[in-house]
Amino acid sequence: MRLGMVGLPNVGKSTLFNSLTLSKAEAANYPFCTIEPNIGIVPVPDERLLFLENLYNAKKVTPAIIEFVDIAGLVRGASKGDGLGNKFLSHIREVDAIIHVVRCFDDDNIVHVDAIVDPIRDIETINIELVFSDLDIIERKISKTSKAVKSDKTLQKELDLLIKLKSHLENGKVARSFETDDFEELKLLEDFNLLTFKPVIYAANVLDIDLAENGEGNEFVKKVKDFAEIEKSSVFVVSAKLEEEISELSEEEKGLFLSELSINSSGLNRLIKESYALLGLISYLTAGEKEVRAWTIKRGTKAPGAAGKIHSDFEKGFIRAEIVNFSDLKETNSYAIAKEKGLIRLEGKDYIIKDGDVVLFRFNV
């Protein structure tokens, strides 16, 4: 999973990136201190791996990972190449989802590019640049498809969708708010790879005093939540400054610090959970003496597709999957006992992998 972190200059984007990834991307009180994207690889916290490591006495543990990409700050006119716009747009096109960091606090010591803090204006500034970029793509596709449809009538549906989508974008709306129940249209929308079709989590950056109540008393956060609801996006309330402090503590100190603030988990853990839900992802597990590992797949993936995540040969030669759910394995504390109790199942090609399934694939190539 690749998450692109975006936002106007000086909203706390690079500070949050550094805190989540323990990286050292430059964070300064002036625009464009981030030019090239900084990349941080973060293991997905999963307590199930520790249990399996001990149960199997595994030599190696490999968690699932998330790649965070800290993309350069954006300004008005980016779609026309202003600021670092063209670079920004090319980098964001490569991510699976967008973490849009929005400033939801006042601080006279931190300059704002538009002088006054207004999270909705900030969101719309970036959204409209992405819309302009998408419009450029759509218009070129319309021109190309209009010519091709004369000799290939099967392209008419695609052309009709492009025309409807162009009108939608021209009204200042993002592609992810375009409504259709048509499976073919949804598939085409995905294939277009539009910037505004990518799923978004708005990271509302607040002061630490607003964090314990999840920003409920913060008017800026309320506006962001109302905006996101209309757009069908998610909102994640975080304090970049607080996360920066937490990132410098030991694991034991982190727990005590969060407890004192009445916060259940770190921003990283909450963001990962939110990202998995947004993208419809789950993790299944493989376990043995050589390695215990978590694999990330789309919810609804059938057993052969999940096997293909490990190696394409596993999918091609899939025979069956030997499966026990983690909760059953943990309760029995023994694979042998789980088998005696009939908790281990043999599943075929139509089985849909569940979150926490511990799987052994049988295949023949």
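Let's start at Lys232, which sits in the loop between α7 (219-231) and β7 (234-238). Keep in mind that this is a predicted model. The phi of Lys232 is near 65 degrees, a positive value in a residue that isn't glycine. Is Lys232 buried or exposed? With 57% relative accessibility, Lys232 counts as exposed.

There's another residue of this kind to look at. Asn57 has a positive phi of about 55 degrees, and it is not a glycine either. You'll find Asn57 in the loop between α2 (47-56) and β3 (61-62). Asn57 has a relative accessibility of 64%, so it counts as exposed, given that the cut-off is over 50%.

Now back to the helix just before Lys232. α7 has 13 residues, and at 1.5 Å a residue they should span 18 Å. The end C-alpha atoms of α7 are 19 Å apart, which agrees.

Which residues of α7 are buried? They are Phe220, Val221, Val224, Phe227, Ala228 and Glu231. These buried residues cover an arc of only 125 degrees around the axis, so they lie on the same side of α7. Here's the helix rule behind that kind of pattern: an α-helix has 3.6 residues a turn, so residues three or four places apart point the same way. Turn to the other side of α7, and Glu219, Glu229 and Ile230 are exposed.

So what does the buried side touch? The buried residues of α7 pack against β5, α4, β6 (200-205) and β7. Hold on to β5 and α4 for a moment, please, as they come up again in the last part.

That last part is about empty space inside the model. Rolling a probe the size of a water molecule over the atoms shows where empty space is left. How many cavities of 30 Å³ or more does a search of the whole structure find? The search finds one. About 40 Å³ of space lies in the largest cavity.

Let's walk around its wall. The lining of the largest cavity is made up of Val6, Ile92, Ile98, His100, Ile126, Asn127, Leu130, Arg176 and Val200. By class, that lining has six nonpolar, two polar and one charged residues. And here are our two elements again: β5 (97-103) and α4 (119-148) each supply at least two residues of the lining. Which element gives the most to the lining? That's α4, with three residues.

How values were computed
Residues are numbered from 1 along each chain as its sequence is written. This is a predicted model: local features need pLDDT of at least 70, side-chain atom pairs count only at pLDDT 80 or more; totals for chains, interfaces and linings use all residues. Side-chain values use heavy atoms; hydrogens and water are left out. On a 1 Å grid over the protein atoms alone, a cavity is a set of points where a 1.4 Å probe fits but cannot get out, and a pocket is an open set with protein on both sides within 12 Å along at least five of seven lines; lining residues have an atom within 4 Å of a point. Grid points are joined across faces, edges and corners, and a volume is the space filled by probe spheres set on the points. Helices (H or I, at least four residues) and strands (E, at least two) are DSSP runs, numbered from the N terminus. Ala, Val, Leu, Ile, Met, Phe, Trp, Tyr, Cys and Pro count as nonpolar, Asp, Glu, Lys and Arg as charged, and the others, Gly among them, as polar. Buried means under 20% relative accessible area, exposed over 50%, partly exposed in between (1.4 Å probe, protein chains only). The expected span of a helix is 1.5 Å times one less than its number of residues. The arc is that of the directions from the helix axis to the C-beta atoms. Contact means heavy atoms within 4.5 Å.
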